[in-house]
Each structure stands twice: as structure tokens, then as C-alpha cells.
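Work through the exercises below with the structure open beside you. Try each task before you read its solution.

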Amino acid sequence: MTTEQDDKGFSFRRLFFRQDETGQSGKQQSGTTYQKGNNTNSPVTSGFQKPDHSQDKSLTEDFADRLHSLINQNNQPGFDFLEYTETLFEESQNPDAEVYKLVFRIAQKMDKSLTPERLIQSAAYYKDLVQKTADAEMVKGETKKQSLVAEKEAEKNNLDKSLKNIIMNIDQLKSQIQELQKQELDVRNQLAVIDQKYNGQFTDIEVKLNAIQGAKEQVIISIVDIEAGIKSNL
């Protein structure tokens, strides 16, 4: 079992997002209808018109539901803009000037003090309520957006710094590799000529060793000859 407030909330939800005969959203049509009876700053057009973005549709409708609930919770006593609007669309989904006048005459029978000015004032009250609520949410959203931008920039800066350090390390390693490659080539070149470098020295040593061997043999032979003469002649 629903309460009167729940019924009214459903009713206004249906009015602001009613469907036309073709099955397309009648919200834009309702905004035009309001302009027939009121000024161009229609509460329906300015307060409840959804952006034409399919991806935003569910979020828009969710927030519109919150605004409808807010309006119902702040419904002013007596017959005001909300009751007039509900009665207006109960008479016709596309009310013309005559329907506006008819509903106003019916409303005046219930409340003789009711005037168009009072309806406009109460419309302004609800419009201001919606405006302030939406503005507050916009401020929250912008604050969160700025916080997210700052978080993104901080992370981006950290990544940029890390990337620069990595590139610097890579450049340093490249320089070290180039230096090591030079050292490698130099060592290979030294290995290639190492035999030539020592061949002359080895030759000199061999010549000296042979000379020593020859001299030794000559001296020993002379000594052996004399030693033999001594043994045989003395």
C-alpha cells in the first residue's frame, strides 16, 4: 500500500518523463507544453530536461528520481504548483491554454485565494530547491574532478620522472657498453700481435743460450783434454 506522497511522487515522475503515442520520450514535448501556459523559464524545461546522450540516460534518470523525491519531501502546504501540475496532466497529457484555465478554475473552487502569482511563486520555490541541490552536487563533482586531475598529474609526473631515470640509466649503460667494446677490441688487437711482440726476445735468448752452450762445451773439452794428458803422462 502506497502513501499519498508515494503516489504523488510516482505521478510527477510519470509527468516529467511521460511517453507519447510513438513510444518516444515525451519530456521535450512536456517542456514545450509548459511554455504555452508559463514563461520561457519553465520549471520542467530548465529543471528536468535530460541531455540527449544515451550513455548518460540511466545516471540522469537516477538523479532526476532524487530530485523528484526531494520535491515531494518539500511539498508546501495547500494547493500549489505541484498539485496544479498533477491536476493539469490528469486532464490532458498535452494541455493547451483552455486546460490550463480549466484546472485553475477548479483549483480556485478549492482555494479561493489561489492566484497565478502564487503558482508562479511556488514554482520558483521548487525550481530554486532543484537548482541549489543540483549546484551542490555539481560543486562536489567538480571538487572530485579537480582532485582526480591532481592525482592524475601527480602519478603522471612520477611516471615521467621514472621514465627519465630509466632512459638516463640506459644511456649510461650504452656508454659503458661502448667503452667495454673498445676495450675488447684493444685486447683482441693485443692478442693478435702478442707472438710478434715476444718473438724477437725469444730469439735473442735462444741465441745467448746456444752461445753459452757452445762456450761451455769448448771449455769443458779443453779441460778434459788437459785432464787426460795429466792422467796419461804423469
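**Exercise 1: A pair within one helix**

At 55% relative accessibility, Lys132 counts as exposed, because the cut-off for exposed is over 50%. The model is a predicted one.

Task: Find out which residue meets the side chain of Lys132 in a salt bridge, and classify Asp128 by its accessibility.

Solution:
- Step 1. Look at the side chains. Lys132 and Asp128 meet in a salt bridge, at 3.2 Å from N to O.
- Step 2. Check the distance. A salt bridge needs a side-chain nitrogen of Lys or Arg within 4 Å of a carboxyl oxygen of Asp or Glu, so 3.2 Å passes.
- Step 3. Place the pair. Both Lys132 and Asp128 lie in helix H7. They are four residues apart, about one turn of the helix.
- Step 4. Classify the partner. Asp128 has a relative accessible area of 36%, so Asp128 is partly exposed.

**Exercise 2: A pair between two helices**

Task: Which parts of the chain does the salt bridge of Arg66 and Glu137 tie together?

Solution:
- Step 1. Recall the principle. Side chains of opposite charge can pair when their charged atoms come close.
- Step 2. Read the distance. The closest N and O atoms of Arg66 and Glu137 are 3.5 Å apart.
- Step 3. Locate both ends. Arg66 lies in helix H4 (residues 57-73) and Glu137 in helix H7 (residues 116-233), so the salt bridge ties together parts that are 71 residues apart in sequence.
- Step 4. Compare the surroundings. Arg66 is partly exposed at 47% relative accessibility. Glu137 is partly exposed too, with a relative accessible area of 26%.
- Step 5. Widen the view. Salt bridges with shared partners join Arg66, Glu137 and Lys140 into one network. The structure holds seven salt bridges.

**Exercise 3: Buried or partly exposed?**

Task: Arg118 forms a salt bridge with Asp111. Decide whether Asp111 is buried or exposed.

Solution:
- Step 1. Confirm the pair. The closest N and O atoms of Arg118 and Asp111 are 3.2 Å apart.
- Step 2. Take Arg118. Its relative accessible area is 32%, so Arg118 is partly exposed.
- Step 3. Take Asp111. Its relative accessibility is 17%, so Asp111 counts as buried. The cut-off for buried is under 20%.

**Exercise 4: Checking a helix length**

Task: Test whether the span of H4 agrees with 1.5 Å a residue.

Solution:
- Step 1. Note the size. H4 has 17 residues.
- Step 2. Work out the expected span. The rule is 1.5 Å times one less than the number of residues, so H4 should span 24 Å.
- Step 3. Compare. The end C-alpha atoms of H4 are 24 Å apart, which agrees.
- Step 4. Look at what H4 hides. Its buried residues include Ala64, Leu67, Leu70 and Ile71.

**Exercise 5: Two surface patches**

Task: Which residues make the nonpolar surface patch, and which gather in the patch of positive charge?

Solution:
- Step 1. Find the nonpolar patch. Leu102, Ile106 and Met110 make it, and its area is about 260 Å².
- Step 2. Examine one member. Ile106 is found in helix H6. At 33% relative accessibility, Ile106 counts as partly exposed.
- Step 3. Look along the chain. Thr87 is 19 residues from Ile106, and their C-alpha atoms are separated by 9.4 Å.
- Step 4. Find the positive patch. Lys101, Arg105, Lys109 and Lys112 gather there on the surface.
- Step 5. Examine Lys101. This residue is found in helix H6 (residues 97-110). Lys101 is partly exposed, with a relative accessible area of 47%.

Methods. Residues numbered from 1 in each chain as written. Predicted model: local features only at pLDDT ≥ 70, side-chain atom pairs only at ≥ 80, totals over all residues. Heavy atoms only, no water. Patch = residues over 30% accessible without salt bridge, like charges linked within 9 Å, V, L, I, M, F, W, Y side chains within 5 Å. Areas by Shrake-Rupley, 256 points an atom, 1.4 Å probe, with all protein chains shown as cover. Lys, Arg positive; Asp, Glu negative; His and termini not counted. Charge placed at Lys NZ, Arg CZ, Asp CG, Glu CD. Buried < 20%, exposed > 50% of the residue type's maximum accessible area, 1.4 Å probe, protein only.
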